[in-house]
Structures are given as structure tokens and as C-alpha cells.
Amino acid sequence: MTCKIGVLVSGRGSNLEALLKATTSGFIKNAPIAIVISNKPGVRALDIAKRFGTPTEVIPVDVQDRAAYDAKLADALIRHGVEPGSGMVLLAGFMRLLTPEFVGRYSGRMLNIHPSLLPSFPGLNAQQQALDAGVKVTGCTVHFVVPEVDAGPIILQRAVEVAEGDSLESLSARILKQEHVIYPHAVKLFVEGKLTLKGRKVIIRP
Ligand code: GRF
């Protein structure tokens, strides 16, 4: 059965690009990216989607009513076949909090990538938080989305060493490289039905 994917973006789109490569090359099978939705117009992520011939929609944040905004998101996803029961939603640098209602609709079928080893350094500027804390190892995490920010069950992580003299840019770039590896991997595992949720833990079947 086909699992249609909707990707939510806000900016650069490098993770989107890694996901598009994975779904169009056959690395991930039977799970096409059916729609890319941005809350911002004119961002690079939209150009990347168009380059791959993937439909895009911009849903600008014109209202502060979160429920109304998320209803528009759900409507766009469902119009493109990303159904709550069979589809999948991927957050790829989507800079907006989602309502518990929206998260609940796609519960267990929505993933996010975060540039730290969660539960360390959730929220904004995770790489800077790691530098400020003086940790020697940080990394990235793919997790299921729950209503609390960056708090869902962890699917995959990759560690990245912090080098002496690392700048925000140099560290972020090395983490990003690993993000592009683990995000498509986690999606592949999900689509192949290899992930089972047991409480807060994700069991990966071989
Ligand atoms: C990435 O660092 C991701 O971990 C975080 O937002 C950034 C998005 O980058 N959630 P990009 O738009 O995928 O290039």
C-alpha cells in the first residue's frame, strides 16, 4: 500500500532535498512525497520541490488562530492524499508549533529531525546550545512528534564530535550531513513497517 508523504518546511530545505532524493531514487519505496507545504513564500525549499516536480503549497501565517491554521494544513495534506490513517507527515525545518489536535490526527505518523542528541538541547538554536554547554559530543535525532516540542519517542540518532575551535557554522554543517543520512533512513524504516512504539520507546525490527 502506498504511504503518501507530506513535508512541512519553512526555509532552506536541505533535509527536504535528502528526502526527495531518497523517495525518487527507490531507496524509500511506495512512499512518494505528494505535497510540500511552506508557511513562508519564496523559500529555497519550494524551489527544491519544484525541481523534483513535487506539488507545493504556501500557507502563510496570516492569522494567529493556531487551530484555524492547522485546519488549513490538514486540508491541504488530505487534498493531496496524505490521509491521517495511511499517510505520513515529515517536519523538515518547519518553524511553527502545531496544535495538539493536529498532532493527534497524525499521531504515530509524523516525524521531525532535530540538530541535537535529544533530550539534550530541545528548542531553538540547538547547535549553539551545545557549544555553550561545552559538550564534547552532540548530534541529531529523528523522533515521532508529540504535542510537547522535541519530546517524542526517539527513532534514530547520530553522534557528532565537537571539535576544539568549532564555530556554529562548522559544527552545524557536520551535524547537517548526518541529518541527511538518518532522516531518510528513519522514514524508510517507518514505511517498511519496522518501527513499533512501546510506551516511550521505539523498537526497530531487523
Ligand atoms: C535542520 O537543522 C533541522 O534539524 C532543523 O531545522 C533545520 C532545517 O534545515 N529542524 P533544512 O531546511 O532542512 O536545510
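# Close-up views of a predicted model

A search of the whole structure finds 2 aromatic pairs. Keep in mind throughout that this is a predicted model.

**View 1. Phenylalanine 102 and tyrosine 106 form a tilted aromatic pair.** The ring centres of phenylalanine 102 and tyrosine 106 are 5.5 Å apart, and 40 degrees separate their planes. Are these two residues buried or exposed? Phenylalanine 102 is buried, as its relative accessible area is 2%. Tyrosine 106 is buried too, with a value of 0%.

**View 2. Phenylalanine 144 and phenylalanine 190 meet edge-to-face.** Here the ring centres lie 6.3 Å apart; the planes make 65 degrees, so the pair counts as edge-to-face. Where in the chain do the two partners come from? Phenylalanine 144 belongs to strand β6 (residues 137-144), while phenylalanine 190 belongs to helix α6 (residues 168-191). The pair thus links distant parts of the chain, 46 residues apart. Both phenylalanine 144 and phenylalanine 190 are buried.

**View 3. Two charged side chains sit over aromatic rings.** Arginine 96 lies over the face of tyrosine 69, 4.0 Å from the ring centre. At the second site, the charged end of lysine 188 is placed over the ring of phenylalanine 27, at 4.7 Å from its centre.

**View 4. Seven strands make up an open sheet with mixed pairing.** Follow the 7 strands across the sheet and you meet them in the order β3-β2-β1-β4-β5-β6-β7. Which strands lie at the edges? They are β3 (56-58) and β7 (154-161), each of which pairs on one side only. On average, neighbouring strands of this sheet are turned by 20 degrees against each other, direction ignored. Strands of a sheet pair through backbone hydrogen bonds, and they may do so in parallel or antiparallel fashion. Strands β4 (residues 88-92) and β5 (residues 110-114) run parallel and are joined by 3 bridges. Valine 89 has methionine 110 in β5 as its bridge partner.

**View 5. Helices α1 and α2 pack on the sheet.** Helix α1 touches β1 (5-9), β2 (33-38), β4 and β5, and its direction makes about 170 degrees with that of β2. Helix α2 (residues 44-51) touches β1, β2 and β3; its direction makes about 155 degrees with that of β3.

**View 6. Strand β6 is largely enclosed by the rest of the structure.** How many of its 8 residues are buried? The count is 7, so β6 is described as largely enclosed. On one side, 4 bridges join β5 to β6, and these strands run antiparallel. Leucine 111 stands opposite phenylalanine 144 in β6, the residue that also takes part in the edge-to-face pair. Between β6 and β7 there are 7 bridges, again in an antiparallel arrangement. Threonine 141 has glutamine 157 in β7 as its bridge partner.

**View 7. Isoleucine 113 is a buried residue of strand β5.** The relative accessibility of isoleucine 113 is 8%, and residues under 20% count as buried, so isoleucine 113 falls in that class. Setting aside neighbours within four places in sequence, isoleucine 113 is in contact with Asn15, Leu91, Thr141, Val142, Glu179, Ile182 and Tyr183. Isoleucine 113 and glutamine 157 are 44 residues apart in sequence, and their C-alpha atoms are 9.6 Å apart in space.

**View 8. Serine 14 makes a polar contact with histidine 180.** Serine 14 is part of helix α1 (residues 14-24), and it is buried at a relative accessible area of 13%. The polar contact joins the side chains of serine 14 and histidine 180 at 2.8 Å. Apart from neighbours within four places in sequence, serine 14 is in contact with Arg44, Leu176 and His180.

**View 9. Glutamine 127 is buried in helix α5.** The helix spans residues 126-133, and the relative accessible area of glutamine 127 is 16%. Beyond neighbours within four places in sequence, glutamine 127 is in contact with Pro115, Leu168, Leu171, Ser172 and Ile175.

**View 10. Strands β8 and β9 form a hairpin.** Strand β8 (residues 195-198) and strand β9 (residues 201-204) pair in the antiparallel sense over 4 bridges. Leucine 197 has valine 202 in β9 as its bridge partner. The hairpin leaves 2 residues between the strands, and glycine 199 in the turn has a positive phi of about 65 degrees.

How values were computed
Residues numbered from 1 in each chain as written. Predicted model: local features only at pLDDT ≥ 70, side-chain atom pairs only at ≥ 80, totals over all residues. Heavy atoms only, no water. Phe/Tyr/Trp six-rings, centres within 6.5 Å; stacked < 30°, edge-to-face > 60°. Buried < 20%, exposed > 50% of the residue type's maximum accessible area, 1.4 Å probe, protein only. Lys NZ or Arg CZ within 6 Å of the ring centre and 35° of its normal. Polar contact = N/O pair within 3.5 Å; in protein donor to acceptor, adjacent residues only side chain to side chain. Contact = heavy atoms within 4.5 Å. Pairing = 2+ DSSP bridges. Axes fitted to C-alpha atoms, helices over the stretch in contact; angles between N-to-C directions.
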